[in-house]
Protein chains: 2
Amino acid sequence: MPNLSDVAKRAHVSISTVSAVLRGKHTTVGITELCAMRVRQAAQEVGYVPNYHARSMRLGRAHVVGVAMQLPGVSETGSLYFNGICGGVHAAIQDEGYNLMLIRNAGRTGAVDRGVMGLRQRMLDGLIIPGRASNLRDGQTLAEPDMRELLVVVLDPPFQTDLPSVALDEVAGVALAVQHLAELGHRRVLWLGPDQWGDSPTTGREQAFITAAWDAALQGASIRYADRRSSDRLANAAQAAQAALSERLTQDPDFTAIVGYNDVVAIGAMQALQQAGLQVPQDVSVVGFDDGPLAQLIAPPLTTVSHRLSDIGLQAGRLVLELITDAQARRRPRGQRLVVSPTLSVRHSTGPARPR
Amino acid sequence: MPNLSDVAKRAHVSISTVSAVLRGKHTTVGITELCAMRVRQAAQEVGYVPNYHARSMRLGRAHVVGVAMQLPGVSETGSLYFNGICGGVHAAIQDEGYNLMLIRNAGRTGAVDRGVMGLRQRMLDGLIIPGRASNLRDGQTLAEPDMRELLVVVLDPPFQTDLPSVALDEVAGVALAVQHLAELGHRRVLWLGPDQWGDSPTTGREQAFITAAWDAALQGASIRYADRRSSDRLANAAQAAQAALSERLTQDPDFTAIVGYNDVVAIGAMQALQQAGLQVPQDVSVVGFDDGPLAQLIAPPLTTVSHRLSDIGLQAGRLVLELITDAQARRRPRGQRLVVSPTLSVRHSTGPARPR
DNA sequence: TGCGTAAACTGCAACGTTGTTGTAAACTAC
DNA sequence: GTAGTTTACAACAACGTTGCAGTTTACGCA
């Protein structure tokens with residue numbers, strides 16, 4: 001592989017000159033355009049490409065941002081989350097010349113720990129940790145004291161943290177769904193979601209539902225189905241939700257609308273309703289959350305809270321770049337907390353409340 | 001950040017000694033266990049972590065493999081493909097201490113070109129190019145003469161190439177489906193797939209169908225629907241397939257089974273059949289291809305050709321590692337071509353052929 | 001002619017590793 | 001007691017950059 005020295009020999013100049021020219025700094029140092037052209041010509045001829053490691057070592061920056069994903073396997077929701085986040089992060093960092101490294105769990109070592117190792121080795125300049133996809137239920141690793149020195153951004157942190165973070169505004173999302181139902185005249189609304197997951201977003205969404213129902217002067221109730229990890233497979237979560245609702249449907253329903261924890265749950269609810277001989281949305285309206293691939297495909301198309309995962313990734317990417325430049329300038333980075341707002345995709349699973 | 005020199009000072013030994021001890025080479029060089037312990041202690045105390053760039057520059061290896069993915073957006077199938085491949089690749093390379101870099105298109109520069117650039121800069125040791133996900137329809141970049149020197153593995157190459165590659169055995173997959181139908185007594189089988197995509201896998205699968213039908217002494221026919229890129233959205237492809245089939249169903253069907261280009265197409269076919277008053281599998285059997293997320297979810301659950309994308313990634317990862325060690329040993333790597341065999345997931349969309 | 005100064009480069013010392021060679025001291029052998 | 005051998009380290013030269021501190025050469029001006 002040719003290096004600066006080879007180019008220098010060929011152009012009959014010094015290494016410093018070649019370096020300056022090829023980085024476009026030759027005007028500030030004072031190098032003739034004639035000389036610069038000779039250098040560029042020589043570089044072309046020998047096929048020079050700058051060595052990444054030498055440059056990174058010298059500059060002290062890797063120009064790489066890591067995304068830590070602890071994926072249990074190949075799940076549908078996981079893939080979508082993963083791809084959405086990565087797409088957003090990449091969109092944010094590519095223009096600044098940064099690259100994206102995928103950090104996964106390996107053997108006993110979790111993705112987050114591997115990411116932190118990458119930061120320490122200087123292989124990574126910054127790290128993005130998706131709370132949902134990195135089994136950070138307790139935030140143990142992130143509570144380490146020297147973590148604050150590392151350039152880490154947490155997505156949807158499932159616990160309280162003062163690290164920089166980007167989160168979906170779930171409260172706003174649920175509120176959007178509830179308000180939509182309230183405007184359609186619904187007064188008795190049911191929440192359908194999984195059982196508690198500690199401090200996970202589940203509780204967050206359910207809590208948001210209770211608040212939103214109160215604000216809209218609705219009568220809200222909750223059904224929880226016992227289901228923890230199996231939601232990786234769409235079918236399982238849908239069935240669990242369906243079973244939980246079917247139980248309640250043995251008598252006449254005391255609600256006119258359902259808000260599901262996510263799209264899959266909402267679809268399970270629709271199936272349960274249809275099996276009980278009820279029509280959506282004529283008898284009961286259903287709202288989902290996530291606007292996933294199934295939402296448009298199902299009959300009737302699902303009204304659901306829509307959020308671009310790539311937006312979260314994008315904000316996270318920008319935030320991590322900001323942290324990097326702050327650290328470069330020896331400024332103490334401040335623990336920002338960004339929030340991304342969802343929207344409501346109104347389709348055909350919601351309609352006016354049936355009069356009592 | 002502490003370096004070897006800091007550790008050396010603290011342990012009152014030379015830098016070389018520290019380097020040897022921390023890499024476990026102290027027995028071969030001849031360093032007392034006592035001294036080694038002192039070094040390790042010192043390293044612990046100052047919090048030493050080896051510098052990735054310095055090591056990589058010295059060793060001439062990045063310990064990073066790139067995966068070039070040209071994703072147009074956040075599509076469902078794309079995400080699944082992406083995640084599956086990445087998971088497999090990572091599984092293959094993690095044990096050898098390699099990391100995974102995501103290469104996407106940026107601005108005008110395609111993912112493949114960016115990957116090649118990464119190889120040249122020595123940021124990457126090897127590159128994996130998924131044929132399907134990197135708009136390599138013509139293989140222009142890969143035809144460059146010096147490409148053969150670079151450590152590249154192509155997945156499902158959509159064109160003829162002598163570069164190392166890993167491919168799904170689509171011929172075997174389609175044969176599996178056709179044989180299954182033949183065993184159930186079907187004699188008249190219909191292929192339903194998109195219109196030609198140049199040299200893309202579509203033609204490959206359809207070609208395989210024709211061959212397999214011939215081999216099984218079946219009467220095979222094809223319907224193609226005009227649909228190129230819209231298959232990113234599941235709904236579009238399903239509807240296109242559904243429309244194409246519905247046209248044919250105005251009269252009594254002259255077939256007892258359908259093989260779909262993929263699951264989505266098969267599901268579209270099932271919907272068309274059901275709308276025409278035909279039952280699956282009593283009247284017509286349907287087989288899909290890919291065993292995607294919908295296959296289990298749909299009613300009736302779809303019989304489909306199943307292939308673990310992660311297997312393709314795994315083989316690709318192993319192959320690229322092999323190329324790297326070959327190149328390290330200055331051996332000329334041979335352009336291997338690996339093939340991954342699919343299986344058939346028999347569910348409830350296929351049954352015995354209805355007697356004429 | 002001599003001096004200051006600007007232009008146009010070059011030389012050199014890092015950056016943090018690694019592997020090979022070098023060299024004391026200690027230990028054996030006769 | 002000294003030559004040879006082993007032990008236990010240390011010194012040093014890369015690897016390919018970059019940026020600052022020289023060092024020429026040319027030129028204007030008194």
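Which strands does helix H6 (residues 76-93) of chain A lie across? In this predicted model, in which local features need pLDDT of at least 70, side-chain atom pairs count only at pLDDT 80 or more, and totals for chains, interfaces and linings use all residues, the helix lies across strand E1 (64-69), strand E2 (99-104), strand E3 (126-130) and strand E4 (152-155) of chain A, together with strand E2 (99-104) of chain B. H6(A) runs at about 170° to E1(A), where axes are lines fitted to C-alpha atoms, for helices over the stretch in contact, and angles run from 0 to 180 degrees between N-to-C directions. Residues are numbered from 1 along each chain as its sequence is written, while chains are lettered from A and ligands numbered from 1 in the order in which they are written. Helices (H or I, at least four residues) and strands (E, at least two) are DSSP runs, numbered from the N terminus.

The strands beneath this description belong to an open sheet of 12 strands with mixed pairing, in the order E11(A)-E5(A)-E4(A)-E3(A)-E1(A)-E2(A)-E2(B)-E1(B)-E3(B)-E4(B)-E5(B)-E11(B); two strands pair if DSSP finds at least two bridges between them. Strand E11 (337-340) of chain A and strand E11 (337-340) of chain B stand at the edges, each with a single partner strand, so one side of each is left without a neighbour in the sheet. From one strand to the next, the twist averages 20°. Where the chains join, E2(A) and E2(B) run antiparallel and are connected by three bridges, with Leu100(A) standing opposite Leu102(B). Within chain B, by contrast, strand E3 (residues 126-130) and strand E4 (residues 152-155) pair in the parallel sense over four bridges, and Leu127(B) has Val152(B) as its bridge partner in E4(B).

Chain A can be laid on chain B with an RMSD of 0.2 Å by a turn of 180° and a shift of 0.1 Å along the axis, the copies being superposed by least squares on the C-alpha atoms of residues with pLDDT of at least 70 in both. The two copies are thus related as by a two-fold rotation axis, and the residue of chain A that comes closest to this axis is Met101(A), at 2.1 Å (C-alpha).

Between the chains, 38 residues of chain A are in contact with 38 residues of chain B, contact meaning that the C-beta atoms of two residues, placed from the backbone, lie within 7 Å. On the side of chain A that touches chain B, the largest share, 10 residues, comes from H6(A). By class, that side has 20 nonpolar, 14 polar and four charged residues; Ala, Val, Leu, Ile, Met, Phe, Trp, Tyr, Cys and Pro count as nonpolar, Asp, Glu, Lys and Arg as charged, and the others, Gly among them, as polar. Because 100% of the interface residues of chain A are also interface residues in chain B, the copies meet through the same surface.

The DNA remains to be placed. DNA strand C is surrounded by 26 residues, the closest being Ser14(A), Ser16(A), Thr32(A), Leu4(B) and Asn51(B), where a residue is near a strand if its C-beta atom, placed from the backbone, lies within 6 Å of it. The largest share of this surface, five residues, comes from H5(B). Around DNA strand D there are 26 residues, of which Asn3(A), Leu4(A), Asn51(A), Ser14(B) and Ser16(B) come nearest, and here the largest share, five residues, comes from H5(A).
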